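Please open the model in a viewer and display it as a cartoon, with side chains available on selection. The stops below proceed from the whole chain to individual strands, helices and side chains.

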Amino acid sequence: MVEDSVTDESWSRQPIAAVLETLGATPAGLSRTEVEARRRRHGLNQPRAPRRRPLWLRFLTRFLSPLVLILLFASGLSAATGNLASFVIVLVMVVLSVTLDFVQEMRAENAVEALRRTVAVRVQVRRDGVEVSEPADQLVPGDVVRLAAGDLVPADGRLLEARDLFVNQAMLTGEPYPVEKRAAAPAGDAGDAGEAPAAVFMGTSVISGSAVAVVCRTGDATAFGQLSGTLQAPPPPTAFELGIRQFGFLILRLTIFLVLFVLAVNVLFHRPWLESLMFALALAVGLTPELLPMIVTVTLARGAMRLAKRRVIVKRLAAMHNVGAMDVLCTDKTGTLTEATIRMVRHLDFRGAENERVFRLAYLNSHFESGIKSPLDEAILAFRDLDVSKWRKIDEVPFDFERRRVSVLVGDGAERLLVVKGAPEDVLRQSTHYEGEGGVERPLDPAARAELDALFQRLGEDGFRVLAIASKAMGPEHASAALGDESELAFAGYAVFLDPPKASAMTALHELTGAGVAVRILTGDNERVTRHVCAELGLTVTGLITGDDLRAMSEEALRARLPKVNVFCRVTPAQKERVLLAFKRSGRVVGFLGDGINDASALHAADVGISVDSAADVAKEAAGLILLEQDLSVVHEAVMEGRRTVQNVTKYILMGSSSNFGNMFSMAGASLFLPFLPMLPTQVLLNNLLYDASEAGVPLDTVEAEALALPAQWDLRLIQRFMLVLGPVSSLFDFLTFYALLHLFDAGEGLFQTGWFVESLATQVLVIFVIRTRRSPWRSRPNAALAGLTLGVAVIGALLPLTPLASFFGFVAPPASFYLFLVAAVVTYLVLVEIVKRLFFRYVAPRPGVPRRAASRR
């Protein structure tokens, strides 16, 4: 019977025909109808793919908060004692609050998920006999996929074809060296990736060569899926996430203390226990920053959507904070500082003269190379067509970033040559001869090496990129190529390329530097070419370290030199990662922009991994941000958006922390001297709901230029200080309001509760106009949505006691004179907060970019 998946553990040892028969597949691929049927049975091709619960169930889980459950239970007791209206009001308030949070967060998550899918890893798959590009998560068992260098293997599969295929399996086996795979090789057990040369496994990456494979296992059934619990551990939390968490715990601890204190005082004064319990629990709901997760998610998501309009896709929301906090950006030279339109311009022999043999050898190597076709290879092949039909490829030693060269063994019947192409320093090191006049090989003595090195230096100083070309005659019996063959080479000459600096790069560099982001260049190119490009762009080289220097340098020495070095040349992937980690250990928030398979480890190591949509799969998978344009100016826009996002989250936290802290003292103090509750439980919940609604516009708010001038580092100490300074000011004003209500208006229980509700809500929401900016409030224009919501909530709160709904919430209509007092009180409070804010940011926390001593002298 034909199955649509492989269950036998020996699948990787079976012949190709047997595997295809078991899967009910053919080399031409599956039909789309069959694909849909199999996807319904097997699900998405995602290891440990989360099963998304229905929306109604996700909504109901929001009510599982302990505070909400206790509040509903207490209100249920209230209804059982005859107070049905209180129960209904509490229930409506809780439902409205939870719904507001749920709807906002779901909309944000869905929008970000849609953006993330636009840059999902794609794979070439055969459907209905035609090769198409599909997202990797759409694969099913039986699909036939094509793999090439730089691709991530999308599922476990049996090779149908393979050509010089080398795969990095470190993700599964820990083995750092690439493993060769062959379609016809006898495979080992499918469960052991290291012993299965005819099988490829999800999560591994193709280093070189190409292949066609039939998918045997997807999702959880793959070897990667079975290990995903450890391999897919979530990344460590960012400083921003840790700060948000610490702030939440701080408020929660203070709230629990206040609630217990208020409850104890009311019980001690023999007030109704049920009403006291309801008040204490409502107070806990009102003071707990339950809106904080939603505000953070929505703010980060809106920032991600704004970036999408600028052709930057955010894969992980946490990256929004990191890119805003980034103060060092490490980037490659090619494609970011240069046009990446590389042209081959010359092919020179040892004397610096044009030589046809140099071009022919370079063409043979690039034509038959099956690994990653670099822009240099494409430039060689595009320079001029060459008839190589009489040549055939015999074997290859793939390129790697340690050797920095690739060798191809070719033959035409008359001769057999090993053609080597790579970095001049490495090829010259393996050469013992050079091809002189008439093709005669001459010893590569010190004088000849000095001449070749001088030619190389002149080309680099003129801004040319250079590849060295060498060859070695091999005997007819030589049927394979190995690393050991790359010795005693005959140096042929140089292939010379031009990659002009990008016109927009100079402006982008100045913008990033002016924004407090130090740009560091990490490149595999030599120092002469890099210096020339930097000079063309007006970038002063303050210090330069080569890969050779790094090898001889201790970690302490490297960190000591980092502040003065802005260019790293001839560095390997491991050295790029080492530089990034050194920056991080120095306390910097570092980003890395890369697009090749050699950049994957550095992208993982960086705080902000940035890649491009045309990058290798492994680079895109490792990155948190994907640029749809390979341009540094786009990175600058991402930095600004990241800072804007962090600033808006900070506004909410500064406002919420100061008002919550103040309300804690006010509630505690009022409970000590009032013979009644300062506010009814339903009024506390209504106040909280209206306050939450007013804050929904915070993610949309504008941010001033001075707040974006420097990296937006998360500063929990600043928030705690602000809370400790402004909270008591808020409480002091509340106590003055209590005095006015009791002695000026002779307020009883109903009027006192109504008056404090209206005043508390008005001051709590309107203070955002002062706290949202470090400028004077009248010199900074808020977003229209934020202003409308804030003013609307303040008006609703003031007019609510005059409406028919007043009795439901226990309000009484205040006298007209109270509203005159309210206007005067709110204006006085906002002026007082503005004075305290200015003093705070002058003496306690200077403005962004202003040193503390300079700030104190203003």
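The tour that follows gives a selection at each stop and states what is found there.

**Conventions**

This is a predicted model, in which local features need pLDDT of at least 70 and side-chain atom pairs count only at pLDDT 80 or more, while totals for chains, interfaces and linings use all residues. Residues are numbered from 1 along each chain as its sequence is written, and side-chain values use heavy atoms, with hydrogens and water left out.

**The whole chain**

Begin with everything selected. The protein has 31 helices and 23 strands; these are DSSP runs numbered from the N terminus, helices being H or I over at least four residues and strands E over at least two. Of its 858 residues, 57% count as buried. Here buried means under 20% relative accessible area, exposed over 50%, and partly exposed in between, with a 1.4 Å probe and protein chains only. Among contacts between residues at least 6 apart in sequence, 72% join residues at least 24 apart, a contact being heavy atoms within 4.5 Å.

**Strand β18 and its partners**

Select residues 518–522, which form strand β18. How many of its residues are buried? The count is 5 of 5, so the strand is mostly covered. A518, R520 and L522 point one way from β18, whereas V519 and I521 point the other way.

Add residues 328–331, strand β9, which pairs with β18 in the parallel sense over 4 bridges; pairing requires that DSSP find at least two bridges between two strands. Within this pair, C330 stands opposite R520. C330 counts as buried because its relative accessibility is 0%.

Next add residues 567–569, strand β20, which runs parallel to β18 and is joined to it by 2 bridges. In this pairing L522 stands opposite F568.

**The loop after β20**

Select V571, in the loop between β20 and α21 (573–585). Is V571 buried or exposed? V571 counts as buried, at 6% relative accessibility. Leaving out residues up to four places away in sequence, V571 touches L522, T523, G524, G547, L550 and K576. Its C-alpha atom lies 8.1 Å from that of D525, although the two residues are 46 apart along the chain.

**R465 and D525**

Keep D525 displayed and add R465, which is found in strand β16. A polar contact of 2.9 Å joins the side chains of R465 and D525. A polar contact is a pair of N or O atoms within 3.5 Å; within protein, one must be able to donate a hydrogen and the other to accept it, and residues adjacent in sequence count only if both atoms are side-chain atoms. R465 counts as buried, with 13% relative accessibility. Beyond four places in sequence, the residues that R465 touches include K333, T334, L376, F497 and V529.

**Helix α14**

Follow the contact from R465 to L376, found in helix α14. L376 counts as buried at 12% relative accessibility, and outside its neighbours up to four places away it touches I342, R465, L467 and F497. L376 and T341 are 35 residues apart in sequence and 9.6 Å apart in space, C-alpha to C-alpha.

Now select the whole of α14, residues 375–383, and colour its buried residues: L376, D377, A379 and I380. They cover an arc of only 160 degrees around the axis, which puts them on the same side of α14; the arc is that of the directions from the helix axis to the C-beta atoms. Elements that cover these buried residues include β10 (343–348), α13 (356–368), β13 (416–422), β16 (464–474) and β17 (489–498).

**The nonpolar cores**

Return to F568 and add L632: of the 139 residues in the largest nonpolar core, these two touch the most other members. Such a core is a set of buried Ala, Val, Leu, Ile, Met, Phe, Trp, Tyr and Cys residues joined through side-chain atoms within 4.5 Å. Helix α24 (residues 632–673) gives the most to this core, with 16 residues. Apart from neighbours within four places, L632 is in contact with L329, T336, L337, A508, L509, L512 and L593. A second, separate core of 26 residues includes F350, A448, V466 and A468.

**Cysteines**

Finally, how many disulfides are there in the whole structure? The search finds 0, a disulfide being a pair of cysteine sulfur atoms within 2.5 Å. Select C534 and C569: the sulfur of C569 is the nearest cysteine sulfur to C534, 7.7 Å away. C534 is buried, with a relative accessible area of 1%.
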